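Here's a walk through a few pieces of one protein chain. Have the viewer open and follow along.

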Amino acid sequence: MITNAILQIETELQNRARLIAVTKTKPVALLREAYDAGCRRFGENKVQEMADKQPQLPADVDWHLIGHLQTNKVKYIAPFVSLIHSVDSLKLLQEINKQAAKHNRIINCLLQIYIADEDTKFGLSPDEAEALLNAPELDQLPNVCIIGLMGLATNTDDMEQVRREFRGLKQLYDKLAQTQRPNVQFSELSMGMSGDYQIAVEEGSTLVRVGSAIFGARL
Ligand SMILES: *Cc1c(COP(=O)(O)O)cnc(C)c1O
């Protein structure tokens with residue numbers, strides 16, 4: 001089941017975007033199954049859960065933190081996390097830099113942008129993202145690199161609205177990608193989940209975060 005779903009999604013993506021298998025709430029046995037089917041990118045939304053699972057999977061897995069991150073929890077994932085999708089403040093970036101330095105790493109980050117027509121979602125406005133990318137303080141953060149943007153579309157059946165939101169995020173991405181700073185190097189646009197990843201890819205996503213379409217509904 002899992003193997004078929006992964007192969008089908010990979011076929012649909014046709015190398016236009018890479019698949020992150022979202023494994024939150026799923027047991028390690030299912031992650032192993034996905035690994036055996038060829039998956040090497042896993043997305044978790046909770047720090048503790050990701051830190052618990054990481055040592056139980058092979059070392060060549062890329063771990064993506066896709067959920068809200070509190071500054072006091074950065075230390076638990078700093079040794080191994082491959083991309084943090086949910087950066088929404090300078091303060092958080094400063095803490096990631098500090099913890100990354102302890103492990104002699106440069107941690108790649110995405111700025112999470114608020115694109116949905118809902119008030120429950122985290123993220124920066126376009127203006128706030130631009131201000132962050134131009135903040136003088138970034139010069140003091142050599143152990144982080146901002147490599148792009150992430151966004152969640154509105155949870156709606158109106159696929160034209162979803163498309164508009166993704167298109168807006170891609171336009172912002174193209175504008176902010178012009179930023180000339182050593183630790184701003186745009187290459188990734190993380191958008192699209194089980195219900196909307198095809199649209200996201202059409203609108204320029206490079207990373208889709210897919211959970212339930214692979215592993216079934218979460219209880
Ligand atoms: C849970 C989650 C996903 C995956 O959602 P599905 O609808 O199960 O594919 C993607 N992105 C984020 C940020 C999530 O929290």
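What follows goes through a strand, a loop and two helices.

## Where we start: strand β1

Keep in mind that this is a predicted model. Strand β1 covers residues 18-22, and it's mostly covered, with 4 of its 5 residues buried.

What does β1 pair with? On one hand there's β8 (residues 207-210), joined to β1 by 4 bridges and running parallel; Arg 18, for instance, has Leu 207 as its bridge partner there. On the other there's β2, also parallel to β1, with 2 bridges between them. In that pairing, Val 22 is matched with Gly 43 of β2. Getting from β1 to β2, the chain goes through α2, and this β-α-β crossover is right-handed.

## The annotated lysine

Between β1 and α2 comes a loop, and Lys 24 sits in it. An unreviewed UniProt entry lists Lys 24 under "modified residue: N6-(pyridoxal phosphate)lysine".

Which residues does Lys 24 touch, once neighbours within four places in sequence are set aside? The contacts are Gly 43, Glu 44, Asn 45, Glu 49, Lys 53 and Arg 218. Gly 43 is a residue you've already met, as the bridge partner of Val 22.

## Helix α2 and its two sides

Helix α2 spans residues 28-36, and its buried residues are Val 28, Leu 31, Ala 34 and Tyr 35. Look down the helix axis and those residues fall within an arc of 115°, so they line one face of α2. The general background is simple: an α-helix has 3.6 residues a turn, so residues three or four places apart point the same way.

What do the buried residues of α2 pack against? The list is α1 (2-13), β2 (41-44), α3 (47-53), β3 (62-65) and α9 (212-215). Turned away from that buried side is a face carrying the exposed residues Ala 29 and Asp 36. After the helix comes Gly 38, which has a positive phi, near 110°.

## A polar contact on α7

Elsewhere in the chain, helix α7 (residues 159-176) holds Arg 163. Which side chain does the side chain of Arg 163 make a polar contact with? The partner is Glu 202, at 2.8 Å.

Glu 202 also turns up among the contacts of Arg 163, along with Ile 199 and Glu 203, when neighbours within four places in sequence are left out.

Terms used. Residues numbered from 1 in each chain as written. Predicted model: local features only at pLDDT ≥ 70, side-chain atom pairs only at ≥ 80, totals over all residues. Heavy atoms only, no water. Buried < 20%, exposed > 50% of the residue type's maximum accessible area, 1.4 Å probe, protein only. Arc of directions from axis to C-beta. Contact = heavy atoms within 4.5 Å. UniProt positions renumbered as here; feature names shortened; annotations may be inferred. Pairing = 2+ DSSP bridges. Right-handed = clockwise from strand over helix to strand, strands pointing away. Polar contact = N/O pair within 3.5 Å; in protein donor to acceptor, adjacent residues only side chain to side chain.
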